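User: Please take a close look at one part of this structure and describe its surroundings. Then set it against other places along the chain, and explain each term when it comes up.

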Amino acid sequence: MSKLTAPAVRARKVRAGGDPLVMLTAYDAPGARIVDEAGADLILVGDSLAMVVLGYDDTLQVTIDDMAHHVAAVARAKPRALVIGDLPWLSYHVSVEDTVRNAAALIKAGAQAVKLEGGAKRVPMVESIIAAEMPVMGHIGLTPQSMHAFGGYKVQGRDRSAALQLVDDARALEAVGCFSIVMECVPDEVARMVTDAVEVPTIGIGAGPHCDGQVLVFHDVLGIEDRITPKFVRRYGSVKEDAVAALSSFASDVRTRRFPADDESYHLNVETAEALGLYGSATKTA
Ligand code: KIV
């Protein structure tokens, strides 16, 4: 199957007969291979990297260099899925020049598109990235890089004016050329209004079933991250539990000398063993 492109994603609107888009995050080459083999359409190298991989408490700590490092690792897996690099906080807030340079850093690292957070107020930055020939995915609703401004991780768009603002934000991002829009933590009725209002696909996370696609974080879906469980996460695995059990078995086998076994060890040939005076203690061919 051929590589998915941003224009192909742009055309995947459910009301036009498209299948819902599947997006998952990945942060390294094995993760990208797993997501790609599972048939995802899009791989987001999200700034959630900060929390699920690098151990920070929020997403504000990652840099463009961190993001480029992990985008490159994902791109080396050569996935069929479209790879999107997430622009971290402050990489698209200072100036247009800075924004274009930072978006280009992720594209040069191997992404085919970039994502940034915010609605209408981001139009000049989105415009400048698109003018430099790089596809942009928008992100509205709960934008985690705004956690201090929002006063925490809160569902957005709950009242009339906030709901209508989300519709306006989505229309502004569409008008300036975003090929799709992530919508995070908004009531499903509002997500439906936004999805109905634009021609580009919406991809929801905590935004109910009416979006044109869904995205979840790799570590949440697989149960690698088991400390926080937002309401919108469905776990399809218990990889952390399985990994702890497997590694405990390894530790126990080492301590009880059941690992390594004879057939997991290399051996000298008989002549060399004899020449070393090891008389029959090592008798197999390496
Ligand atoms: O960084 C991330 O993983 C994201 C998704 C939650 C959409 O932005």
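Analyst: Pro260 sits in the loop between α11 and α12 (270-275). Helices (H or I, at least four residues) and strands (E, at least two) are DSSP runs, numbered from the N terminus. The peptide bond that leads from Phe259 to Pro260 is cis, and its omega is near -5 degrees.

Before going further, some ground rules. The model is predicted, so local features need pLDDT of at least 70 and side-chain atom pairs count only at pLDDT 80 or more, while totals for chains, interfaces and linings use all residues. Residues are numbered from 1 along each chain as its sequence is written, and side-chain values use heavy atoms, with hydrogens and water left out.

Pro260 belongs to the loop named above. On a wider scale, the protein chain is divided into domain 1 (6-237) and domain 2 (241-275), with bounds that come from an automatic or database domain assignment. The C-alpha centres of the two domains lie 45 Å apart.

Now the ligand. Its surroundings are Thr25, Leu44, Gly46, Asp47, Ser48, Asp86, Lys115, His139, Val182, Ile205 and Val217. A residue is near a molecule or strand if one of its heavy atoms lies within 4 Å of it. Sorted by class, this shell has four nonpolar, four polar and three charged residues. Here Ala, Val, Leu, Ile, Met, Phe, Trp, Tyr, Cys and Pro count as nonpolar, Asp, Glu, Lys and Arg as charged, and the others, Gly among them, as polar.

Several side chains of the shell come within reach of ligand oxygen atoms. An N or O atom in the side chain of Ser48 is 2.5 Å from one oxygen atom of the ligand. For Lys115, an N or O atom of the side chain is 3.1 Å from an oxygen atom of the ligand, and for Asp86 a polar side-chain atom lies 3.3 Å from a ligand oxygen atom. Taken alone the ligand exposes 260 Å², and the protein buries 95% of that. These areas come from the Shrake-Rupley method with a 1.4 Å probe; for residues, only the protein chains shown count as cover. A polar contact is a pair of N or O atoms within 3.5 Å; within protein, one must be able to donate a hydrogen and the other to accept it, and residues adjacent in sequence count only if both atoms are side-chain atoms.

One member of the shell, Thr25, deserves its own description. Thr25 lies in strand β1 (residues 21-25). It counts as buried because its relative accessibility is 2%; buried means under 20% relative accessible area, exposed over 50%, and partly exposed in between (1.4 Å probe, protein chains only). A polar atom of the Thr25 side chain lies 2.9 Å from the backbone nitrogen of Phe218. Apart from neighbours within four places in sequence, Thr25 is in contact with Val35, Leu44, Ser48, Leu216, Val217 and Phe218. Contact means heavy atoms within 4.5 Å.

Ahead of that strand, Pro20 is in the loop between α1 (6-10) and β1. Leaving out residues up to four places away in sequence, Pro20 touches Arg12, Val14, Asp41, Asp212 and Gly213.

Farther along the chain, helix α6 (residues 123-131) has Val123, Met125, Val126, Ser128 and Ile129 as its buried residues. An α-helix has 3.6 residues a turn, so residues three or four places apart point the same way. The cover over the buried residues of α6 includes α5 (96-109), β4 (113-115), β5 (136-141) and α8 (160-176). Val176 is part of helix α8, and it counts as buried because its relative accessibility is 16%. Apart from neighbours within four places in sequence, Val176 is in contact with Val123, Val126, Glu127 and Ile130. The C-alpha atoms of Val176 and Pro124 are 8.7 Å apart, although 52 residues separate them along the chain.

Two loop residues have an unusual backbone sign. Glu133, in the loop between α6 and β5, has a positive phi of about 75 degrees although it is not a glycine; at 67% relative accessibility, Glu133 counts as exposed. Cys185, in the loop between β6 (180-184) and α9 (188-197), has a positive phi of about 50 degrees and is not a glycine either. Unlike Glu133, which is exposed, Cys185 counts as buried, at 10% relative accessibility.
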